[in-house]
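I opened this one to look up a few things and jot them down as I went. Notes are in the order I took them.

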Amino acid sequence: MFNLPTPHIGGPELFVLEFGDIVAYFSPYTALLFAFAVLFTVLVIVSRPERQVDIAFGGDAYYTKEVDPDLLRFQRFMAIACGLATLGAMVTGDVFNFTLFASMIGITNIGIVAAYRNRHVLNAAFQYGIVAMLATVPLFGGAAIILSSTGTLSMWELFGGAVAVPLIAKAFLVLGVMGEGMAPFYIAKAEITRAQGAPFILMVHVSSLLLFLRVMEIVISM
Amino acid sequence: MIEYLLFATFIGLLFHGIHRKVIARVQGRPGPPIWQEILHALKFSFKETWIPKTASRALFVGIVFVAIAIWSGALFILLTGGSILLLFAIYLLHKIVEHGMGLSTGSPYTKFGAIRSVISAASELPLLVTVVAIYFFTGSLSIAEITAYQEMNGPLLIVAFPAAVAMYLVILSKMHYGPFSIIEAKEIVSGNMTEHFGVWRAALEVAYALKTYVLLYAFVLIFIGALPLWLTLILMLLLLISLSFVCAVTPMLSPYDTVTIQSLVTGALVIYIVILAVVMG
């Protein structure tokens, strides 16, 4: 037992996993997020994509799009990688690791979408890519400010209350995570939804929402 | 727990029926009987069920179980006095249910519902404002500690009124036939639920009933306090009727107006939080 300092926020510590000086932890909150990430990663592994039905406007005709097996394999690979990165981000006890997982989620999300050969979807992926790249500056900048002002990146230390984390560092962390996928950049995601492969595209949303939920816990706890 | 789950489902379905009845009476229509939604859930349970040929089968079925699981979990959190951060997480995860339901079928109607769900992501943020505001006042996110705080200091409804308004808006965003119900608008048939019929629809009705029960119960618990069950139910009913009035007199907004209004409200609430942070140090 390491005695998680913030049982009144995400619930008491349930289990810890030590990787040297990096200690991942499961509280009811992080365990729920982890379980949700596991569930959708399993769904990605076992699901086949839907076949989208498109209506030909101006008549009664409709047609079903075919699924390209190569595209399917690549999207599934990226979605599983995204799921694994999300799992790490949900339970890590280190701010730097969290930012690394967040940026990996951003990269894999772009991979899931950019695989689809449609002009609108590729445009959206391009815009999303630019936003995600820009967002790495506040994301890692936030972690750097925390390290320089407190001398540690361990959440066990930062949550304790003995060190004061600057508000700007918290704001940068949230901004970075938002840039990696959350609203208000969702408007690009509406275009992404055109892409085929519901279980894989859904992983884009799952990872972004879970990441946002985790950063909220981190920021409130610090 | 199982018996409380069944009770919450029954009350939630009954509340949906009362919601439809109140809307109808305000609009000068007789409306369906209040037990109509219970009958709906039973009817769908015995209808012929299959999975559309174009659907992603595992996701199509899995998402229904996820919907029931998350709202059952939310009820458990409320009953055990867990963290409202968990409740916020579940509310956000419901967004994934809406997306998954819409994207998994291949139908253009459900896909439009899913896209509308994506663009209305701002509807979730007021709940975050509620969470932060409550933390400012109580110093805790544990429901047990929040209710204990209210026993000592009076209801949070009075001292944190804007946060209560934010949560009211969150519940309104998820009500059927409301101004923000764009994901199930009739111009896209039933939106993201169009292709889920038969047993799948019955299960979704159950999940949505649980969702309504949990959200109303959470409002009473967080902003008024822990009360006897009968009094809690009466307050939940009054809250529901007020929401029904709003739904009855407000037309459904266009998707862009929905996003604009929700974003403006969220912006105003963020200003409230900043003021609160400055005032309370």
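What follows is my run of entries, from the chain contact to the salt bridges.

**Entry: ground rules**

I'm working from a predicted model here. I kept to local features with pLDDT of at least 70.

**Entry: the contact between chains**

I started with how A and B meet. I found 41 residues from chain A and 40 residues from chain B in the contact. I got about 3400 Å² of buried area between chain A and chain B, with carbon and sulfur atoms giving 81% of that. Then I checked how many salt bridges run between chain A and chain B. The count came back as zero.

**Entry: a serine facing both chains**

I picked B:S83, which sits in the loop between helix 3 (57-80) and helix 4 (84-103) of chain B. Is B:S83 buried or exposed? B:S83 has a relative accessible area of 5%, so I wrote it down as buried. I skipped neighbours within four places in sequence and listed what B:S83 touches: A:I9 and A:G10 from chain A, plus B:I77, B:L141 and B:S142 from chain B.

**Entry: UniProt spans, chain A**

I pulled the unreviewed UniProt entry for chain A, which lists "transmembrane region" at residues 22-46, 74-92, 98-116, 128-147, 167-188 and 200-220. I looked at two of these spans in the model. Residues 22-46 of chain A come out as 76% helix and 20% strand, with the end C-alpha atoms 32 Å apart. Residues 200-220 of chain A are 100% helix and 0% strand, and I get 31 Å between the end C-alpha atoms.

**Entry: UniProt spans, chain B**

For chain B, the unreviewed UniProt entry gives "transmembrane region" at residues 60-93, 156-173 and 261-280. Residues 261-280 of chain B are 95% helix and 0% strand, with the end C-alpha atoms 28 Å apart. Residues 60-93 of chain B are 91% helix and 0% strand, yet the end C-alpha atoms lie 16 Å apart. I noted that B:S83, from the entry above, is in a loop between helix 3 and helix 4 of chain B.

**Entry: an asparagine in chain A**

A:N97 is in helix 4 (residues 95-114) of chain A. I call A:N97 buried because its relative accessible area is 18%, and the cut-off for buried is under 20%. Leaving out neighbours within four places in sequence, I have A:N97 in contact with A:I22 and A:T92. I also took the C-alpha distance from A:N97 to A:L153, which is 9.0 Å for residues 56 apart along the chain.

**Entry: a nonpolar patch on chain B**

I found a nonpolar surface patch of about 560 Å², made by B:I34, B:W35, B:L39, B:L42 and B:F46. I went to B:W35, in the loop between helix 1 (2-26) and helix 2 (36-45) of chain B. B:W35 has 48% relative accessibility, so it goes down as partly exposed.

**Entry: salt bridges**

How many salt bridges are there over all chains? I count five in the whole structure.

I looked at B:R20 and B:E37, whose side chains meet at 2.8 Å, N to O. B:R20 is in helix 1 of chain B and B:E37 in helix 2 of chain B, so the pair ties together parts 17 residues apart in sequence. I have B:R20 as partly exposed at 24% relative accessibility, while B:E37 is buried at 7%.

Another salt bridge is B:K174 with B:E98, at 3.0 Å, N to O. B:K174 is in the loop between helix 9 (161-173) and helix 10 (199-223) of chain B, B:E98 is in helix 4 of chain B, and they are 76 residues apart. I marked B:K174 as buried at 11% relative accessible area, and B:E98 as buried at 4%.

I then took B:E187 and B:R116, which also form a salt bridge (3.0 Å, N to O). B:E187 is in the loop between helix 9 and helix 10 of chain B and B:R116 is in helix 5 of chain B, so this pair ties together parts 71 residues apart in sequence. B:E187 is exposed at 55% relative accessible area, whereas B:R116 is buried at 14%. I closed this part with a network: salt bridges that share partners join B:K95, B:E98 and B:K174.

**Entry: more on B:R116**

Besides B:E187, I have B:R116 in contact with residues including B:I182, B:I188 and B:P255. From B:R116 to B:Y135 I get 31 Å, C-alpha to C-alpha, for 19 residues in sequence.

Notes: Residues are numbered from 1 along each chain as its sequence is written. Chains are lettered from A and ligands numbered from 1 in the order in which they are written. This is a predicted model: local features need pLDDT of at least 70, side-chain atom pairs count only at pLDDT 80 or more; totals for chains, interfaces and linings use all residues. Side-chain values use heavy atoms; hydrogens and water are left out. UniProt positions are given in the numbering used here, feature names are shortened, and annotations may be inferred rather than shown by experiment. Helices (H or I, at least four residues) and strands (E, at least two) are DSSP runs, numbered from the N terminus. Patches are made of residues with over 30% relative accessible area and no salt bridge: like charges are joined within 9 Å, nonpolar side chains (Val, Leu, Ile, Met, Phe, Trp, Tyr) within 5 Å. Accessible areas come from the Shrake-Rupley method with a 1.4 Å probe; for residues, only the protein chains shown count as cover. A salt bridge is a side-chain nitrogen of Lys or Arg within 4 Å of a carboxyl oxygen of Asp or Glu. Buried means under 20% relative accessible area, exposed over 50%, partly exposed in between (1.4 Å probe, protein chains only). Contact means heavy atoms within 4.5 Å. Buried area is the accessible area (1.4 Å probe) that two parts lose on being put together, summed over both.
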